[in-house]
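This report goes through one protein model, from its overall build to single contacts. The sequence and structure come first.

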Amino acid sequence: MKSCRKELWFEIPKRRGFINITPQVEKCVSESGIKEGLCLVNSMHITSSVYINDNESGLLQDYEEWLEELAPHAPISQYMHNRTGEDNGDAHLKRQIMGREVVVAITNGKLDFGTWEQIFYGEFDGKRRKRVLVKIIGE
Ligand code: ZN
């Protein structure tokens, strides 16, 4: 069995944002040379997510509004977590609901997606460099 580990780095200039990272993950799969296997993609931070859904701008706006309704950023005093002096209590909750990682099958050297599936990085406490791990195993 072969394995391949890569890190992707992102810096979102705002507090929150979404990026379609499918092209970067496809590049990792292609560089790994693995034709049949599994590809794990996970955020290495507790205030950002990796998830799979449709690449559609209306949906990204819907996520932003839905997550702000569920866990509004302000007032920051509403979160016990922020009593530590942080201001990202909302970002921990947003990450929880949007998830930590995805696993995609690799078939014939390609990510074996369902219809319209794309991989996204969701940032909930941005303005700094953050990492995503890509681990590929197979043959
Ligand atoms: Zn925190």
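The text below covers the overall fold, the metal site, one helix and two residues with their contacts.

**Overall build**

The model is predicted, not determined by experiment. The secondary structure of the protein comprises three helices and eight strands. Read from the N terminus, the order of elements is β-β-α-β-β-α-α-β-β-β-β. Along the principal axes, the C-alpha atoms fill a box of roughly 50 × 30 × 20 Å. The protein has 139 residues, of which 43% count as buried. Among contacts with a separation of 6 or more, 81% come from residues 24 or more positions apart.

**Zinc site**

Four residues supply the protein donors of the zinc ion: His 81 through NE2, Glu 86 through OE, Asn 88 through OD1 and His 92 through NE2. These donors lie 2.0 to 2.4 Å from the ion. Their spacing in sequence is H-x4-E-x1-N-x3-H. Of the histidines, His 81 sits in the loop between helix H2 (57-70) and helix H3 (89-98), whereas His 92 belongs to helix H3, eleven residues apart. The angles among the four donor atoms run from 84 to 155°, and the site is irregular. Tetrahedral geometry would need all angles between 85 and 135 degrees, and the range of 84 to 155° does not meet that. His 81 counts as partly exposed because its relative accessibility is 30%.

**Helix H2**

Helix H2 has 14 residues and spans 20 Å from its first C-alpha to its last, close to the 20 Å expected at 1.5 Å a residue. Its buried residues are Leu 60, Tyr 63 and Leu 67. These residues lie on the same side of H2, because they cover an arc of only 50° around the axis. Their cover includes strand E2 (17-20), strand E4 (48-53), H3 and strand E7 (118-123). The face turned away from the buried side carries the exposed residues Ser 57 and Glu 69. At the start of H2, a side-chain oxygen of Glu 56 comes within 2.9 Å of the backbone nitrogen of Gly 58.

**Glu 123 and Thr 47**

Which strand holds Glu 123? Glu 123 is in strand E7. With a relative accessible area of 0%, Glu 123 is buried. Glu 123 and Ser 49 are 74 residues apart in sequence, yet their C-alpha atoms are 6.6 Å apart in space. Not counting residues up to four places away in sequence, Glu 123 touches Ile 12, Arg 15, Arg 16, Gly 17, Thr 47, Ser 48 and Lys 130.

Thr 47 lies in the loop between strand E3 (37-43) and E4. Thr 47 counts as buried because its relative accessibility is 3%. Beyond its neighbours within four places in sequence, the contacts of Thr 47 include the zinc-site residues Asn 88 and His 92. Also among them are Ala 91, Arg 95, Glu 123, Phe 124, Asp 125, Arg 128 and Lys 130.

The side-chain polar contacts of these two residues are listed here.

| Side chain | Partner side chain | Distance |
|---|---|---|
| Glu 123 | Tyr 121 | 2.7 Å |
| Glu 123 | Lys 130 | 2.7 Å |
| Thr 47 | Lys 130 | 2.8 Å |

The side chain of Lys 130 thus appears as a partner of both Glu 123 and Thr 47. Glu 123 and Thr 47 also touch each other.

Definitions and conventions:
Residues numbered from 1 in each chain as written. Predicted model: local features only at pLDDT ≥ 70, side-chain atom pairs only at ≥ 80, totals over all residues. Heavy atoms only, no water. Donors = N, O, S within 2.8 Å, 3.2 Å for Na, K, Ca; no water. Tetrahedral: all angles 85-135°; square planar, octahedral: opposite > 155°, others 65-115°. Helix = DSSP H or I, 4+ residues; strand = E, 2+ residues; numbered from the N terminus. Buried < 20%, exposed > 50% of the residue type's maximum accessible area, 1.4 Å probe, protein only. Expected span 1.5 Å × (residues − 1). Arc of directions from axis to C-beta. Contact = heavy atoms within 4.5 Å. Polar contact = N/O pair within 3.5 Å; in protein donor to acceptor, adjacent residues only side chain to side chain.
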